[in-house]
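Good morning. I will take a few minutes to go through one protein chain, from the overall layout down to single residues. Please have the picture open.

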Amino acid sequence: MKDFLAGTWNRLGLRGSVVAMSLLLVLIVGLQNMEPVDIDFLFWDLVEVPKLYFIFIFVVFGFAIGYLTAWWGGRKANSGW
């Protein structure tokens, strides 16, 4: 079993291992925050949803912003800006 796990991490590489560990950490934190919270915007009382949804949404936004920033930076470097 130990050799299998070591081989899996080696195949993922450093970037894949960091992403996998980050997703595992987000999953653990998310599962510990299942209690509902109220969404109040200005004077509207919208809905009551679990914190897990907010954590998931912000993680997805963070990955998307990081990916787009890296893509845009690489694009600018290749175009001679």
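**Layout, charges and a nonpolar patch**

Read from start to end, the protein chain runs α-β-β-α. That pattern comes from two helices and two strands. Keep in mind that this is a predicted model.

Some overall numbers next. The protein chain has 81 residues, and 5% of them count as buried. Buried here means under 20% relative accessible area. The protein chain exposes about 7,200 Å², and carbon and sulfur atoms supply 71% of that area. Now take the contacts in the protein chain with a separation of 6 or more: 14% of them are between residues 24 or more positions apart.

Let me start the details with charge. Which residues form the negative surface patch? They are Asp38, Asp40, Asp45 and Glu48. Strand 1, residues 36–41, supplies at least two residues of the negative patch, and so does strand 2, residues 44–50. Take Asp45 as one of the patch residues. Asp45 sits in strand 2. Is Asp45 buried or exposed? Asp45 counts as exposed, because its relative accessibility is 65% and the cut-off for exposed is over 50%.

Now to opposite charges. Side chains of opposite charge can pair when their charged atoms come close. How many salt bridges does the count give? The count comes to one salt bridge. The partners are Lys51 and Glu35, whose side chains meet at 3.0 Å, N to O. This pair links distant parts of the chain, 16 residues apart: Lys51 is in helix 2, residues 51–79, while Glu35 is in the loop between helix 1, residues 2–31, and strand 1. Lys51 is partly exposed, with a relative accessible area of 30%. Glu35 also counts as partly exposed, at 36% relative accessibility.

Stay with Glu35 for a moment. Leaving out residues up to four places away in sequence, which residues does Glu35 touch? Glu35 touches Val49, Pro50 and Lys51. For Val49 there is also a distance: Glu35 and Val49 are 14 residues apart in sequence, and their C-alpha atoms are 8.1 Å apart in space. So on your picture, find the loop between helix 1 and strand 1, and look for Glu35 there.

The next topic is the nonpolar side of the surface. Tyr53, Phe56, Ile57, Phe58, Val60, Phe61 and Ile65 form a nonpolar patch on the surface. Together these residues have about 760 Å² of accessible area. Tyr53, one of the patch residues, lies in helix 2. Why does Tyr53 count as partly exposed? The reason is its relative accessible area of 47%, because partly exposed covers the range between under 20% and over 50%.

One more residue in helix 2 is Phe63. Phe63 counts as partly exposed, at 41% relative accessibility. Where does Phe63 stand relative to Val19? Phe63 and Val19 are 44 residues apart along the chain, and their C-alpha atoms are separated by 10.0 Å.

To go back over the main points: the chain follows α-β-β-α, and the negative patch draws on strand 1 and strand 2. The salt bridge joins Lys51 and Glu35, and the nonpolar patch includes Tyr53. That is the end of my part.

Notes. Residues are numbered from 1 along each chain as its sequence is written. This is a predicted model: local features need pLDDT of at least 70, side-chain atom pairs count only at pLDDT 80 or more; totals for chains, interfaces and linings use all residues. Side-chain values use heavy atoms; hydrogens and water are left out. Patches are made of residues with over 30% relative accessible area and no salt bridge: like charges are joined within 9 Å, nonpolar side chains (Val, Leu, Ile, Met, Phe, Trp, Tyr) within 5 Å. Accessible areas come from the Shrake-Rupley method with a 1.4 Å probe; for residues, only the protein chains shown count as cover. A salt bridge is a side-chain nitrogen of Lys or Arg within 4 Å of a carboxyl oxygen of Asp or Glu. Lys and Arg count as positive and Asp and Glu as negative; His and the chain ends are not counted. The place of a charge is taken as NZ of Lys, CZ of Arg, CG of Asp or CD of Glu. Helices (H or I, at least four residues) and strands (E, at least two) are DSSP runs, numbered from the N terminus. Buried means under 20% relative accessible area, exposed over 50%, partly exposed in between (1.4 Å probe, protein chains only). Contact means heavy atoms within 4.5 Å.
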